[in-house]
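Visitor: Please take one part of this model and go through it closely, starting from a single side chain and following its contacts outward.

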Amino acid sequence: MKRLFVPLLAVVSLFTVAGCSSDTASSSDTVTTPTEGPAAGTDEHAGGHIYSCPMHPEVTSTKAGETCPKCGMNLEHTDLPASNGKTYQMKFTPQPMQLVAGQPAKLSFTPQETGNEAAPVPLAVVHEKKIHLIIVSKDLSQFYHEHPEYTAQGDYQVDYTFPKGGEFVLFQDYSPTGGGHQLGRQPVTVQGPKYAPVKFKNDDMAWEQDGYTATLAFDKPLNTGQLLGMKIVISKNGQPVTDLDNYLGALGHVVVISEDTERYLHVHPNDQADKGPAIGFNTNFEAPGLYRVFLQFNHAGKIHTGDFTINVKGPAAS
């Protein structure tokens with residue numbers, strides 16, 4: 001699994017985000033965040049068939065029955081190359097330009113082809129949406145998942161009210177039609193009473209809220225450079241939850257973000273016949289450090305968001 005962690009400069013496993021010269025960029029500016037093309041993949045037909053990941057089109061194989069190393073999804077028969085060779089960037093425009101806590105704002109996003117910014121960039125539907133917008137506070141204590149909708153102006157918009165002032169980071173998870181997976185990132189400053197920053201340090205592999213409990217476990221020690229099986233088990237009032245509903249076409253969604261917000265991973269569960277209580281994922285890490293893990297699942301008609309903290313070490317000694 002070439003994990004979805006990618007430098008925003010390059011879509012490889014770990015997203016190292018670039019294009020923003022400062023982590024405290026003011027939202028008074030219209031920010032255009034460039035992202036380079038998808039990670040290298042096997043995009044030659046080689047006389048056989050090509051299978052691609054619906055979530056990460058840059059992940060391809062010529063063998064049937066394989067799964068995506070980034071999100072665990074089954075590769076689908078497409079016979080399409082991994083990328084059209086173009087690079088993309090996401091233009092972000094907030095209205096009002098100065099974001100203020102407690103005041104409604106309109107967040108507008110326009111995907112652009114680098115060097116041909118006026119050309120329309122149609123987006124593929126991935127997990128039922130064209131853009132997955134992840135909003136986190138800079139300290140990673142707050143997490144929000146939104147879905148901007150396409151407008152007649154050719155951009156994607158969502159109405160959003162920041163609950164507190166302070167530093168936030170916006171991530172856009174999207175895939176241009178015919179292109180590979182892309183990630184936009186913009187840090188923003190929100191005026192108004194600021195949230196109290198939280199400093200995360202120790203591993204925290206359990207979450208509780210509203211009678212629900214979720215526990216996080218890995219099948220190997222948390223070291224970089226290896227494929228890891230990740231399992232999350234959900235219970236309610238002490239009883240296993242065996243009737244999870246799909247959320248955006250999957251039993252659960254997990255986003256992993258590094259402490260400095262420079263690395264981002266969005267994974268989806270492996271295929272499974274049951275509906276819980278365990279949800280299985282595959283992932284890996286390319287850089288050591290502290291990460292925050294955010295889980296979203298759908299049960300009893302409500303979307304629940306859990307969070308965990310993990311510390312990843314460097315490569316295991318051979």
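Guide: Lys-302 counts as partly exposed, because its relative accessibility is 44%. The model is a predicted one. Lys-302 forms a salt bridge with Asp-210, and the closest N and O atoms are 3.8 Å apart. Lys-302 lies in strand 21 and Asp-210 in the loop between strand 13 and strand 14, so this pair ties together parts that are 92 residues apart in sequence. Asp-210 is exposed, at a relative accessible area of 52%.

The loop that holds Asp-210 is the turn of a hairpin. Strand 13 and strand 14 form this hairpin with two residues between them, and Asp-210 has a positive phi of about 55°. The two strands run antiparallel and are joined by four bridges; Glu-208, for example, has Thr-213 in strand 14 as its bridge partner. Strand 14 also pairs with strand 15 (residues 228-236), in the antiparallel sense and over seven bridges. Here Ala-217 has Lys-231 in strand 15 as its bridge partner.

The side chains of strand 14 (residues 212-218) alternate between two faces. Tyr-212, Ala-214, Leu-216 and Phe-218 point to one face and are buried, whereas Thr-213, Thr-215 and Ala-217 point to the other and are not.

Strand 14 supplies at least two residues of the largest nonpolar core, which has 28 residues; Ile-232, Ile-234, Val-254 and Ile-310 touch the most other members. Strands 15, 17, 18, 19, 20 and 21 likewise each supply at least two residues of this core. Leaving aside residues up to four places away in sequence, Ile-310 touches Leu-216 and Phe-218, and its other contacts include Met-205, Leu-222, Phe-285, Tyr-291 and Val-293. Apart from this core lies another, of 23 residues, among them Val-121, Leu-133, Val-158 and Phe-162.

Back at strand 21, a second salt bridge can be followed. The side chains of Asp-307 and Arg-292 meet at 2.9 Å, N to O. Asp-307 lies in strand 21 and Arg-292 in strand 20, so the parts tied together are 15 residues apart in sequence. Asp-307 counts as partly exposed at 27% relative accessibility, while Arg-292 is buried, with a relative accessible area of 2%. Arg-292 also lies over the face of Phe-200, at 3.7 Å from the ring centre.

A further salt bridge joins Lys-199 and Glu-259, at 2.9 Å from N to O. Lys-199 lies in the loop between strand 12 and strand 13 and Glu-259 in the loop between strand 17 and strand 18, so parts 60 residues apart in sequence are tied together. Lys-199 counts as exposed at 68% relative accessibility, and Glu-259 as partly exposed at 35%. A search of the whole structure finds eight salt bridges.

The same kind of search finds eleven aromatic pairs. Phe-92 and Phe-109 have ring centres 5.1 Å apart and planes at 20°, so they are stacked. Phe-92 is in strand 5 and Phe-109 in strand 6, 17 residues apart, and both are buried. Phe-168 and Tyr-195 pair edge-to-face, 5.4 Å centre to centre and with 75° between the planes. Phe-168 is in strand 11, and Tyr-195 is in the loop between strand 12 and strand 13, 27 residues apart. Both are buried, and ring pairs link them with Tyr-144, Tyr-160 and Phe-162 into a cluster.

Technical notes
Residues numbered from 1 in each chain as written. Predicted model: local features only at pLDDT ≥ 70, side-chain atom pairs only at ≥ 80, totals over all residues. Heavy atoms only, no water. Buried < 20%, exposed > 50% of the residue type's maximum accessible area, 1.4 Å probe, protein only. Pairing = 2+ DSSP bridges. Phe/Tyr/Trp six-rings, centres within 6.5 Å; stacked < 30°, edge-to-face > 60°. Lys NZ or Arg CZ within 6 Å of the ring centre and 35° of its normal. Core = buried A, V, L, I, M, F, W, Y, C linked by side-chain atoms within 4.5 Å. Contact = heavy atoms within 4.5 Å. Salt bridge = Lys/Arg side-chain N within 4 Å of Asp/Glu carboxyl O.
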